[in-house]
Amino acid sequence: MSVEPRSNFLRTQIQADLESARVSALVTRFPPEPNGYLHLGHAKSISVNFGLAEQFGGHCHLRFDDTNPEKESQEFIDSIQEDVRWLGYQWQGEVRYASAYFNQLYEWAMYLIDQRLAYVCDLSAEEARDYRGTLTEPGRNSPFRERSVDESRDLFARMRQGEFAEGARVLRAKIDMGAANMNLRDPILYRIRHASHHQTGTEWPIYPTYDFAHGQEDAIEGITHSICTLEFEDHRPLYEWFVEHLPVPHTPRQIEFARLNTSYTITSKRKLKQLVDEEVVIGWDDPRLPTIAGLRRRGYPAAAIRHFCEEVGTSRSDSTADVAMLESAVRDHLNQSAPRRMCVMKPLRVTLTNLPDTLLLDVRNHPADLDFGSRQLSMGAELFIDQDDFREEANKHFKRLVLGKRVRLRGGLVIEADRCDKDAEGEVTQVFARCVTSVPGADPEDGLKPKGVIHWVSADEAVPATIRRYDRLFGVPEPAREQDLMAAVNPHSLIVIDTAMIEPGLVNATPEAGVSV
RNA sequence: UGGGGCGUCGCCAAGUGGCAAGGCAGCGGGUUUUGAUCCCGCCAUUCGGAGGUUCGAAUCCUCCCGCCCCAGCCA
């Protein structure tokens with residue numbers, strides 16, 4: 001169930017870079033900030049980065065972009081690693097951390113100050129915003145822009161020593177306050193944060209911004225293609241500015257692709273958190289969530305998620321993939337990998353009036369693949385079928401059990417319903433049926449083959465169980481566009497059926513997969 | 001109305017001047033001990049629109065239209 005790598009602009013570009021010997025071997029990276037759980041959108045990025053490395057015989061690093069301690073934690077570092085491994089990928093070497101490069105980044109910041117390309121600015125956040133200008137008007141130079149190299153060096157060193165309060169000063173690059181690209185209007189390189197960092201503790205009172213860190217991290221690690229999402233496109237000139245003006249050991253290249261959106265779900269961290277906080281779902285690994293942990297609990301195979309990411313393609317146009325594509329990939333994989341079992345949701349007792357002895361059946365675990373083997377199931381005179389699988393009378397379209405008609409019990413005999421009992425409300429409480437075959441799997445001798453096959457469980461062996469049926473969390477295709485997210489929640493996304501009866505072998509099942517009626 | 005991007009079938013998406021792949025969804029039909037699977041067939045004279053260049057354009061040029069991103073000391 002693998003998918004042939006399809007042509008896309010990334011593969012075309014990398015192929016060209018390899019052929020022109022611009023790079024000798026591909027090195028990519030998946031660089032999450034450890035500030036939340038991974039979701040389907042991350043799976044796409046993981047698939048792109050690790051997949052490309054795999055295809056071109058290169059390497060992919062896992063790097064935590066941990067430049068903002070206030071939002072991050074070890075819990076996320078652990079869960080992210082678990083999710084990447086579960087998806088089936090292995091990063092090259094040890095896990096990397098942006099924080100491991102803090103010393104180098106600090107030295108490079110000093111280097112820029114020496115080059116008169118960076119300065120310490122004392123403007124408050126509000127003032128800086130005012131000086132920055134707007135989308136249509138240029139900004140104004142900070143009054144601290146021409147501060148001497150010595151003074152900036154001294155101030156920056158003291159920022160690093162923890163001498164100043166948060167927000168008191170920042171280090172900025174000296175580029176162009178009139179640039180049409182806002183990112184070039186003297187961007188902030190370092191800010192003061194008196195926070196404890198999960199990796200470096202209280203060693204650093206200042207932290208580099210994403211812009212000042214990312215390209216340099218890529219350069220340090222020898223990343224050849226730094227693949228990110230479209231919203232960073234405007235940052236590329238800045239990314240290149242740092243790589244160009246700093247004595248970095250390598251020249252990485254940033255390429256952007258469109259992030260993955262999937263219909264009927266959301267991947268916004270803020271909105272996912274809202275669902276968890278307001279208990280619309282039960283935790284970050286709720287099977288209705290598009291988090292990797294949720295998808296895993298839902299029984300989605302990692303291979304199916306990879307398949308979906310490949311099949312949906314990689315381009316630069318904003319799009320929303322139909323969740324049906326994901327579901328199709330999941331069905332494809334499950335169809336091949338899931339052993340089959342039986343259960344009934346709403347049990348209806350069936351008594352076989354002419355069954356001489358309890359039969360011991362050998363039932364196959366997969367309809368097409370013999371390698372799945374079989375299991376033993378006993379079929380006595382008392383069994384349960386699903387209430388929905390029986391009607392006193394029905395038209396041609398109903399292929400299940402009807403009074404006076406036949407049906408095959410999956411893996412067992414063909415039976416014919418003779419009569420049924422009903423309660424005061426007229427609800428059928430029990431069906432009396434007759435076996436019209438005596439050999440499992442055989443067709444009736446009179447040639448009247450049943451039209452349908454239904455699930456059943458033996459009354460002796462069946463085990464009561466609670467079944468949770470999950471459906472799409474939202475009732476609209478693009479919940480992210482809804483003004484009122486909560487109003488778009490599908491009220492029937494979780495249906496708990498506590499009357500179910502399952503075959504005995506299912507008791508200790510993990511999120512493997514059975515098949516229901 | 002500043003800058004940067006994107007517009008190919010209902011949803012994704014290949015295609016990079018030579019005559020519109022594929023997947024998902026949908027619709028017919030067949031097989032079937034899961035109304036599943038599987039199999040067969042159908043599904044863009046047309047590529048946001050209008051001009052132009054060319055023997056020839058989704059691909060090149062011009063203008064227009066629509067959508068997305070950017071004014072965090074977030075990433």
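1. Let's start with helix H11. In this predicted model, several H11 residues are buried: Ala302, Ala304, Ile305, His307, Phe308, Cys309 and Glu310. Just after H11 comes Gly313, and its phi is positive, at about 80°. Keep H11 in mind, as the helix comes back in point 4.

2. Now for RNA strand B. Which residues come nearest to RNA strand B? They are Ser7, Ser315, Arg340, His397 and Gly441, out of 60 residues around the strand. If you sort the residues of that surface by character, you get 19 nonpolar, 21 polar and 20 charged. Looking from the RNA side, 65% of the strand B atoms within 4 Å of the protein belong to sugar or phosphate, and the rest belong to bases.

3. A few individual atom pairs are worth a look. Leu123 uses its backbone: a polar atom there is 2.8 Å from a base nitrogen of RNA strand B. With Asp234 it's the side chain, where a polar atom lies 2.8 Å from a base nitrogen of the RNA. Ser319 also uses its side chain, but the partner is a sugar or linking oxygen of RNA strand B, 3.4 Å from a polar atom of the serine.

4. Which elements give two or more residues to the surface near RNA strand B? The helices are H5 (125-132), H11 (302-312) and H12 (323-337), and the strands are E6 (188-192) and E11 (320-321). H12 gives the most, with 5 residues. H11, the helix from point 1, is on this list too, so to speak wearing two hats: Ala302 and Phe308 are among its buried residues.

5. Next, a pair of helices. H7 (residues 210-221) packs against H8 (residues 236-245), with the axes 9 Å apart and an angle of about 60° between them. An angle of about 60° makes the two helices oblique to each other. As for handedness, H7 passes H8 in a right-handed crossing.

6. Last, take Asp277. You'll find this residue in helix H9, which covers residues 269-277. Is Asp277 buried or partly exposed? It is partly exposed, because its relative accessible area is 49%, and the cut-off for exposed is over 50%. The Asp277 side chain makes a polar contact of 2.7 Å with the side chain of Lys273. Asp277 also gives us a link back to H11: Ala304, one of the buried residues there, is 27 residues from Asp277 along the chain, and their C-alpha atoms are separated by 29 Å.

How values were computed. Residues numbered from 1 in each chain as written. Chains lettered and ligands numbered in written order. Predicted model: local features only at pLDDT ≥ 70, side-chain atom pairs only at ≥ 80, totals over all residues. Heavy atoms only, no water. Near = heavy atom within 4 Å. Polar contact = N/O pair within 3.5 Å; in protein donor to acceptor, adjacent residues only side chain to side chain. Helix = DSSP H or I, 4+ residues; strand = E, 2+ residues; numbered from the N terminus. Nonpolar A, V, L, I, M, F, W, Y, C, P; charged D, E, K, R; others polar. Buried < 20%, exposed > 50% of the residue type's maximum accessible area, 1.4 Å probe, protein only. Axes fitted to C-alpha atoms, helices over the stretch in contact; angles between N-to-C directions. Parallel < 35°, antiparallel > 145°, perpendicular 65-115°, else oblique. Left-handed = near helix turned anticlockwise from the far one by under 90°.
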